[in-house]
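Colleague: I should like to go through this model with you, one element at a time. Please reason each point through before giving the result.

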Amino acid sequence: MPRRAREFPEEGEFVIATVKSIHNYGAFLTLDEYPGKEGFMHISEVAPTFVRNIRDYLKEGQKIVAKVIRVDPSKGHIDLSLKRVKQQERKAKLQEFKRGQKAENLLKIAAEKLGKDFDSAWREVWVPLEEEYGEVYAAFEDAAQNGIEVLKDIILDEWLPVLEEIITNYVEIPTVTIDAEFEITVATSNGVEVIREALIKARDRANEEEGIEVKFSYLGAPRYRIDITAPDYYKAEGVLEKIASEILNVIKQAGGEASLIRKEKKIRKIKRREA
């Protein structure tokens with residue numbers, strides 16, 4: 001079970017909690033990511049409408065995503081809310097929790113290879129990476145994308161070779177794919193050749209950049225589709241701007257017309273083996 005480096009959660013944080021006991025006035029929950037810590041959820045924080053029977057919403061042993069609304073470390077008090085968690089926030093937290101579980105499993109493999117227990121791995125790797133990146137799996141993704149050297153000054157050197165091997169084999173590299181369409185017309189006898197050369201030139205130049213993949217496809221005159229895959233959305237957008245500018249200039253010089261039609265971005269990942 002992934003645990004946080006901090007002793008207490010922060011106000012406004014979303015946490016994974018397990019219902020421990022239910023009472024007429026509220027419920028007590030254990031915080032899965034903060035061992036030994038419990039939170040209290042008043043009945044008024046269970047649902048946005050009047051709650052007649054709290055057991056209609058909560059069951060002992062049930063795991064939920066809750067929002068931390070108050071924290072008093074001096075007294076050990078943590079107040080939680082269920083009604084203040086939106087569906088999108090719940091999904092995001094569950095995804096974050098799954099990423100934490102993946103990171104924990106990978107770190108356990110690394111610790112075993114080095115002959116260390118997980119407590120040592122947690123102190124020497126988990127804590128510094130969480131403090132630097134906010135979550136450990138994000139650090140692993142950075143290393144998968146940019147090389148293990150990005151972790152060199154954060155964790156002990158003895159962890160780097162074994163983590164590099166594990167990250168290479170198991171960590172997914174996130175990428176963003178955006179697509180758009182061009183409408184291109186060149187009313188000359190060699191118009192088709194001009195368009196083809198413009199698209200190929202733009203594609204090849206973009207593909208020269210590291211981590212960038214550009215594909216064109218013909219949708220039927222005068223429409224052409226472009227798919228750009230990049231490490232992040234901003235880089236993909238930058239490549240699209242360059243390509244569009246080059247295509248528009250070439251077509252304009254040939255006496256033709258071209259326009260860019262934007263589409264939605266898509267997120268995908270390069271799959272690795274399961275840990």
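Colleague: Which residue follows α1, and what is the sign of its phi?

Modeller: This is a predicted model. Helix α1 covers residues 87-114. The residue that follows α1 is Gly115, and its phi, near 70°, is positive.

Colleague: How many Å does α1 reach from its first C-alpha to its last?

Modeller: The helix α1 has 28 residues. At 1.5 Å a residue, 40 Å is expected. The reach in the model is close to that, at 41 Å.

Colleague: How are the axes of α1 and α3 oriented to each other?

Modeller: Helix α3 spans residues 136-146, and its axis comes within 8 Å of that of α1. The two axes cross at roughly 70°. Angles of 65 to 115 degrees count as roughly perpendicular. The orientation of α1 and α3 is therefore roughly perpendicular.

Colleague: How do the residues of the contact of α1 with α3 divide into nonpolar, polar and charged?

Modeller: From α1, Arg99, Lys102, Ala103 and Leu106 take part, meeting Val136, Tyr137, Ala138, Phe140 and Glu141 of α3. Among the α1 residues, Arg99, Ala103 and Leu106 are also buried. The contact divides into six nonpolar, no polar and three charged residues.

Colleague: Is Pro174 buried, partly exposed or exposed?

Modeller: Pro174 belongs to strand β6, residues 173-185. Its C-alpha is 8.5 Å from that of Gln145, though the two are 29 residues apart in sequence. Buried requires under 20% relative accessible area, and exposed over 50%. Because its value is 22%, Pro174 is partly exposed.

Technical notes
Residues numbered from 1 in each chain as written. Predicted model: local features only at pLDDT ≥ 70, side-chain atom pairs only at ≥ 80, totals over all residues. Heavy atoms only, no water. Axes fitted to C-alpha atoms, helices over the stretch in contact; angles between N-to-C directions. Helix = DSSP H or I, 4+ residues; strand = E, 2+ residues; numbered from the N terminus. Parallel < 35°, antiparallel > 145°, perpendicular 65-115°, else oblique. Contact = heavy atoms within 4.5 Å. Nonpolar A, V, L, I, M, F, W, Y, C, P; charged D, E, K, R; others polar. Expected span 1.5 Å × (residues − 1). Buried < 20%, exposed > 50% of the residue type's maximum accessible area, 1.4 Å probe, protein only.
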